[in-house]
Amino acid sequence: RVMYSAQIRERLTATRLELTQVLVLRHAEILERAGRKMAKWEAHKRSAANHQMGPHLVVGSRVTADWQCLELGCGSGATSVWLASQGSRVVGVDLCHAPLRAARARAVAANV
């Protein structure tokens, strides 16, 4: 079947419109899912805010200022900040951006 340029333009426009609609729906779904995950993180962060983190993880060891620490899965940085406050050099790593922002804010607030 031979298609003329006007028909091709019409079909491309219709396809572009369909793709745009699908992308808008997928974007809304992604934002909704991200919002639910962020809400779960915030709820977890509030529930854990009263728990003292840090010293119990290094029980039996004496923290010295010359320690160089790498904390994998540092979350909101409670342990990393505690170790840094004891004089250690600490690098905290986490896959999620929101907890890392919280860890950075916590470290700045603690001046470490």
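Let me start with a term: a residue counts as buried under 20% relative accessible area, as exposed over 50%, and as partly exposed in between. Glu42 has a relative accessible area of 26%, so Glu42 is partly exposed. Please keep those cut-offs in mind, and also that what you see on the screen is a predicted model.

Now the overall layout. The chain has three helices and two strands, and if you walk along the sequence you meet them in the pattern α-β-α-β-α. There are 112 residues in the chain, and 21% of them count as buried.

Let's begin with helix H1, which covers residues 5–48. Glu42, from my opening, sits in this helix. What is the C-alpha separation between Glu42 and Ala98? The two are 56 residues apart along the chain, and their C-alpha atoms are separated by 9.4 Å.

Helix H1 also brings us to charge pairs. As a reminder, side chains of opposite charge can pair when their charged atoms come close. How many salt bridges does the structure hold? The answer is two.

One of them joins the side chains of Glu29 and Arg26, at 2.4 Å from N to O. Glu29 and Arg26 are three residues apart in helix H1, so about one helical turn separates them. Both partners are in the middle category for accessibility: Glu29 is partly exposed at 40%, and Arg26 is partly exposed at 39%.

In the other bridge, the side chains of Glu32 and Arg36 meet at 3.0 Å, again N to O. Glu32 and Arg36 also lie in helix H1, four residues apart, which is about one turn of the helix. Arg36 has a relative accessibility of 47%, so Arg36 is still partly exposed, as exposed begins over 50%.

Let's move on to the strands. Strand E1 covers 68–72 and strand E2 covers 89–93. Which residues form a nonpolar patch on the surface? They are Leu70, Leu72, Val91 and Val93, and together they have about 390 Å² of accessible area. Strands E1 and E2 are the elements that give two or more residues to this patch. Take Val93 as one example: Val93 is in strand E2, and with a relative accessible area of 38% Val93 is partly exposed.

Val90 is in strand E2 too. With a relative accessible area of 22%, Val90 is partly exposed, because buried would need a value under 20%. Val90 also gives us a link across the sequence: Val90 and Glu71 are 19 residues apart in sequence, but their C-alpha atoms are 7.4 Å apart in space.

Val90 leads us to the second largest pocket, since Val90 is among the residues that line the pocket. This pocket has a volume of about 250 Å³. The elements that give two or more residues to its lining are helix H2, at 78–85, strand E2, and helix H3, at 97–110. Which element gives the largest share of the lining? That is H3, with four residues.

If you want to find the pocket on the screen, look for lining residues including Cys74, Gly77, Ser80, Val81, Leu100, Arg104 and Val112. And what is the lining like by class? It has eight nonpolar, three polar and one charged residues.

Next, a stop in the loop between E1 and H2, where we find Ser76. Is Ser76 buried or exposed? Ser76 has a relative accessible area of 17%, which is under 20%, so Ser76 is buried. Ser76 and Ala105 are 29 residues apart in sequence, and from C-alpha to C-alpha they are 8.9 Å apart in space.

My last stop is Asn111, in the segment after H3. Asn111 has a positive phi of about 60 degrees, although Asn111 is not a glycine. At 70% relative accessibility, Asn111 is over the 50% cut-off and therefore counts as exposed.

To recap: we saw two salt bridges, a nonpolar surface patch of Leu70, Leu72, Val91 and Val93, and a second largest pocket of about 250 Å³. Thanks for listening, everyone!

How values were computed. Residues numbered from 1 in each chain as written. Predicted model: local features only at pLDDT ≥ 70, side-chain atom pairs only at ≥ 80, totals over all residues. Heavy atoms only, no water. Patch = residues over 30% accessible without salt bridge, like charges linked within 9 Å, V, L, I, M, F, W, Y side chains within 5 Å. Areas by Shrake-Rupley, 256 points an atom, 1.4 Å probe, with all protein chains shown as cover. Salt bridge = Lys/Arg side-chain N within 4 Å of Asp/Glu carboxyl O. Buried < 20%, exposed > 50% of the residue type's maximum accessible area, 1.4 Å probe, protein only. 1 Å grid on protein atoms, 1.4 Å probe; cavity = no way out; pocket = protein on both sides within 12 Å on 5 of 7 lines; lining within 4 Å. Points joined across faces, edges and corners; volume = space filled by probe spheres on them. Nonpolar A, V, L, I, M, F, W, Y, C, P; charged D, E, K, R; others polar.
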